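Me: I should like to examine how the descriptive terms applied to a structure follow from its computed values. Please set each value against its definition.

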Amino acid sequence: MWNKILRTVPGARSRNTQDVVRMGSSEAATSHQARVVVAGAGLLGNSVAYHLADNGWSNVVVLDQSKVGSGTSHFGSGTIGLFKPTPERNIVMESLKLYQRLHDQGHDIGLRRCGSLNLAQTHDRVIALQRRAAYILPTGMHCELVDSETARKLHPFLYPDDLQGAVYVPDDCIADPASVVQVLASEAKRKGVKYFEGCQVKYINTKNERVHSVETDVGTITCEYFVNCSGMWARELGLKCKPSVRVPAYPAQHYYALTPSLNLPTDDDNLLPCIRDYDSNLYARQYDQSLLVGWFEKDAKPAFEETKDIPKAWQDHLQEDHGHCGALWEKAVDRLPVLRDLSMPTMRNSPDNFTPDGRLIFGESAEVKNYFVACGMNGNPLQGSGGVGKALAEWIVSGTPTIDMLPFNIQRFLDLHNNRQYLQQRIREVVGRQYAILYPNQSEYKFARKLRCSPLYSVLEARGAVFGTKMGYERALYFDADYRRGDPLPTLPEGSFYKPKFFQNMEKEYQACAQHVGIIDISSFSKIEIKPGIQSDTVSGENAVLRYLQYMCANDVNIAVGHIVHTGMLNEHGGYENDCMLIRQTEDSYFMISPSSQQTRIYEWMSRNLPSDASVQLNDVTSMYTVINVVGPKSTLLMSELSNSDVRLAPFSYRKLNIGYASDVMIMSFTHTGMPGYCLYVPSEYALHVYDRLITRGRDYGTRDVGTLTQRFLRIDKFIPFWGDELTSMTTPFEAGVFYSVRLDISQLKKKENFIGRQALERQKRDGLRKRLVLFHVEDIDIDKDVWPWGGEPLYRNNEFCGTVTSAGYGFASEKLVCLGYISRAESSPVRTITTEFIMDKDAVYHIDIAGKRFRLTQHIHPKAAMASAIERQDLSKSYRPTVVKEKKQQKS
């Protein structure tokens with residue numbers, strides 16, 4: 001059926017070879033010096049070089065193992081879609097601004113506005129589109145919900161009968177990737193950037209864990225910065241360094257087809273809009289007088305599985321798969337019946353890099369300072385390259401990110417994510433997830449699972465746990481109350497934008513936490529020991545660990561031994577780099593607990609700020625401890641019975657106790673939920689024993705297993721901000737309302753030692769805040785019939801857009817849907833600062849837009865759970881008869 005798998009792309013423009021040096025020449029063969037060396041002359045590499053030169057950094061060298069644009073950058077759809085989640089849309093907007101500027105300067109890059117139709121075949125897809133449209137509209141970008149007939153009028157080839165609607169985005173564009181590659185390179189060279197082709201990077205040399213030089217097959221270049229933009233080869237190049245740099249990206253086979261000419265009109269007024277048929281996993285666009293159709297299929301195929309490395313002559317290793325392609329083509333024929341009458345298409349296999357979570361990768365590596373990476377465009381390198389190049393260049397020039405990097409930061413990964421076998425398995429579903437409905441908190445991966453498991457995994461699985469993953473760690477999301485041992489293991493049901501299908505299980509878990517005892521395995525949390533290193537003469541007699549942490553932390557960490565302090569670690573702008581608990585174990589040693597996703601990122605941040613005299617050392621002990629949250633009003637009674645000790649600890653304190661037969665269990669008097677109880681840090685070899693005792697003895701106290709989704713809802717209801725949602729590098733403690741985690745003054749007479757971000761916080765305190773985190777209760781909503789808020793929804797104050805929901809959930813205590821979100825004054829307001837009086841003004845009326853429907857909100861700036869106090873007043877000490885637990889006697893051997 002199929003002619004062949006083509007290895008070229010039609011319409012590629014000729015290259016401008018001026019000012020490009022072929023390696024082997026006398027100039028190239030000698031040693032060079034440069035401020036920045038960029039590896040890879042594709043879209044990303046050229047964008048980084050262009051933006052560096054645009055910022056005045058002309059001493060930049062770009063190396064490519066073949067020729068400019070010889071990788072897969074010039075392949076692909078050439079579409080530029082703006083109808084995306086906010087972080088990605090911001091990147092695409094910057095790309096479009098760049099391409100528009102090049103177009104306005106007279107460069108022929110094929111930039112044309114064609115618009116797009118985003119199709120919905122199902123009710124849930126309609127909701128997904130409505131939710132996205134709701135939070136895009138306040139940005140000023142136009143998008144319009146249309147019915148199937150209107151969609152057909154906008155694209156006459158469209159088969160509309162199975163559609164429930166669509167979103168039309170008139171400002172979406174197309175451009176020619178091959179032309180953009182060449183124009184960016186030409187402009188970068190004009191600004192002073194040097195290009196060397198046919199130059200293969202062999203090794204990146206480091207000195208004091210910082211980039212020092214780049215070895216190539218013809219010479220060495222000394223440099224301050226290295227940027228890995230080598231596309232499919234980025235991961236392998238990351239390994240050519242000591243220490244090696246993890247770059248978790250791997251190419252998937254990525255197919256598209258170009259039809260014969262359909263004699264389509266090519267003038268701007270008659271250009272067909274792009275189609276994204278998410279539920280059929282395909283897209284289509286007009287390409288000259290033809291149609292280009294491509295796919296993000298659910299069961300994708302990793303590329304180059306049969307080779308040890310990604311081959312330099314990659315086009316010679318692309319494999320045909322007629323059966324795979326045939327099934328894809330049939331979906332396109334169903335959506336565009338005009339294809340049925342055409343001759344057989346030419347299929348093109350254009351591999352592209354995909355990442356383990358389907359998001360872009362860029363930023364500074366955790367392993368080597370000044371080693372930057374940009375890769376993993378997930379099927380559309382043109383769309384993100386302009387924005388990524390700009391952000392990365394600004395980061396290099398300014399020394400800090402200029403945008404919120406958390407969703408894309410390369411430091412969100414661990415070594416396990418860089419494993420080739422892991423990547424090949426994960427990529428199979430990541431491709432299709434680009435078009436899937438990713439239900440909030442309900443869309444888990446199926447491949448490459450069961451990598452990091454706590455010692456309790458098998459026991460929890462046998463008790464009905466349904467698992468999700470965080471940093472590769474298996475965590476129980478909730479427990480199926482109907483599961484009985486011997487039944488098929490429960491699985492996560494299909495997601496929903498309405499009340500979760502497992503909501504009744506979460507209700508029972510909440511009741512255990514509110515009235516009895518809930519047991520939650522939170523072992524995935526990052527754990528770092530901070531201890532004395534090698535004391536130098538200059539600091540002899542001083543507490544180097546305390547001095548270091550006082551500099552790193554916004555709160556006063558000079559607490560008594562055995563006590564705990566909640567603090568943030570900030571950047572120079574006052575934004576969060578970490579949200580953590582610090583436990584003072586001795587006068588000069590601390591134990592730090594941070595969010596799971598911070599394991600790589602915060603270790604790197606702290607390491608780079610260590611004293612140069614090695615007087616402080618860090619030790620990642622995440623895997624050494626199993627963490628069990630014991631939550632609820634009867635937790636003290638249970639723990640007292642198990643430890644035979646007084647466990648009535650002061651708030652935010654800890655002790656080491658024996659639990660059952662286990663020794664040296666760290667018991668801490670907080671729960672991450674805002675509810676009474678304890679956090680147990682159990683040496684992992686004792687974990688099964690301690691858990692068994694908790695469950696067995698806990699029968700008398702109504703003990704129940706609880707999942708992390710219930711814990712999340714408990715935190716939201718108690719107005720506890722989340723790392724990555726409310727707490728980011730762009731938000732400060734004052735904006736988040738956690739004033740207690742900052743100490744500018746220890747007393748009226750003494751200031752706290754200087755810490756990173758102090759000046760920024762002092763300015764905020766003096767000048768006032770421009771945004772503030774607020775808790776909202778959603779009113780007049782039917783939780784059984786209406787779509788729930790899940791995060792990302794726009795907020796309105798007196799019908800003016802004022803902010804966005806950062807996280808949302810059901811408040812079991814307040815019996816209301818609860819949202820957290822930052823609000824600020826409307827753009828039209830001449831006053832920019834925001835006050836408590838402004839937020840709580842009795843004339844202020846707040847609304848939330850949930851998938852196109854508005855609901856009234858009640859605002860709060862302090863934790864409020866209407867039912868919590870009533871529950872706490874219940875008589876929790878009523879008498880009960882203990883259950884006799886019979887334990888088998890061990891036989892003497």
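**Surface and overall form**

Reply: The protein has an accessible surface of about 36,200 Å², and carbon and sulfur atoms hold 46% of this. Such areas come from the Shrake-Rupley method with a 1.4 Å probe, and for residues only the protein chains shown count as cover. The model is predicted, so local features need pLDDT of at least 70 and side-chain atom pairs count only at pLDDT 80 or more, while totals for chains, interfaces and linings use all residues. Residues are numbered from 1 along each chain as its sequence is written, and side-chain values use heavy atoms, with hydrogens and water left out.

Me: How do you know whether the radius of gyration agrees with that of a compact globule?

Reply: The rule is 2.2 Å times the number of residues to the power 0.38, with the radius taken over C-alpha atoms. For 893 residues this gives a value near 29 Å, and the protein has 29 Å, so the two agree. Along the principal axes, the C-alpha atoms fill a box of roughly 85 × 75 × 70 Å.

Me: What share of the residues counts as buried, and what share of the contacts joins residues 24 or more positions apart?

Reply: Of the 893 residues, 60% count as buried; the term means under 20% relative accessible area, with exposed meaning over 50% and partly exposed in between (1.4 Å probe, protein chains only). Contact means heavy atoms within 4.5 Å. Among contacts with a separation of 6 or more, 73% are between residues 24 or more positions apart.

Me: Which domains does the assignment give?

Reply: The bounds come from an automatic or database domain assignment. It gives domain 1 (110-176 + 252-354), domain 2 (461-524 + 624-727), domain 3 (526-534 + 541-620) and domain 4 (768-868). Taken over C-alpha atoms, the centres of domain 3 and domain 4 are 34 Å apart.

Me: How many helices and strands are there, and how do you know whether the length of α12 agrees with expectation?

Reply: There are 21 helices and 42 strands. These are DSSP runs numbered from the N terminus: helices are H or I with at least four residues, strands E with at least two. The expected span of a helix is 1.5 Å times one less than its number of residues. Helix α12 (residues 503-515) has 13 residues and should therefore span 18 Å; its end C-alpha atoms are 18 Å apart, which agrees. Its buried residues include Phe 503, Met 506 and Tyr 510.

Me: What does the same test give for α3?

Reply: The 19 residues of α3 (residues 86-104) should span 27 Å, and the end C-alpha atoms are 26 Å apart, which agrees. Buried residues of α3 include Ile 91, Leu 98 and Leu 102. Gly 106, with a positive phi near 100°, follows α3.

Me: Why is Ser 596 called buried or exposed?

Reply: Ser 596 has a relative accessible area of 4%, so it is buried. Its place is in the loop between β30 (589-594) and α14 (599-608). Beyond residues up to four places away in sequence, Ser 596 touches Lys 470, Met 471, Arg 475, Ser 524, Phe 525 and Ser 526.

Me: Why is Asp 124 classed as buried or exposed, and how is Lys 446 classed?

Reply: Asp 124 has 18% relative accessibility and therefore counts as buried. This residue lies in helix α4 (residues 123-136). Leaving aside neighbours within four places in sequence, Asp 124 is in contact with Ile 437, Tyr 439, Gly 495 and Phe 497. Lys 446, at 71% relative accessibility, counts as exposed. Lys 446 lies in the loop between α10 (420-433) and α11 (457-462).

Me: How many aromatic pairs are there, and what makes the pair of Tyr 478 and Phe 502 stacked or edge-to-face?

Reply: Rings of Phe, Tyr and Trp (its six-membered ring) pair if their centres lie within 6.5 Å; planes under 30 degrees apart count as stacked, over 60 as edge-to-face and the rest as tilted. The count comes to 26 aromatic pairs. Tyr 478 and Phe 502 are 4.2 Å apart centre to centre with 10° between the planes, and the pair is stacked. Tyr 478 lies in strand β25 (residues 473-479) and Phe 502 in the loop between β25 and α12, 24 residues apart. Both Tyr 478 and Phe 502 are buried.

Me: How is the pair of Phe 503 and Trp 788 classed?

Reply: With 5.7 Å centre to centre and 85° between the planes, Phe 503 and Trp 788 are edge-to-face. Phe 503 lies in helix α12 and Trp 788 in the loop between β37 (772-778) and β38 (794-797), so the pair ties together parts 285 residues apart in sequence. Both belong to one aromatic cluster with Tyr 510, Phe 713, Trp 790, Tyr 810 and Phe 812.
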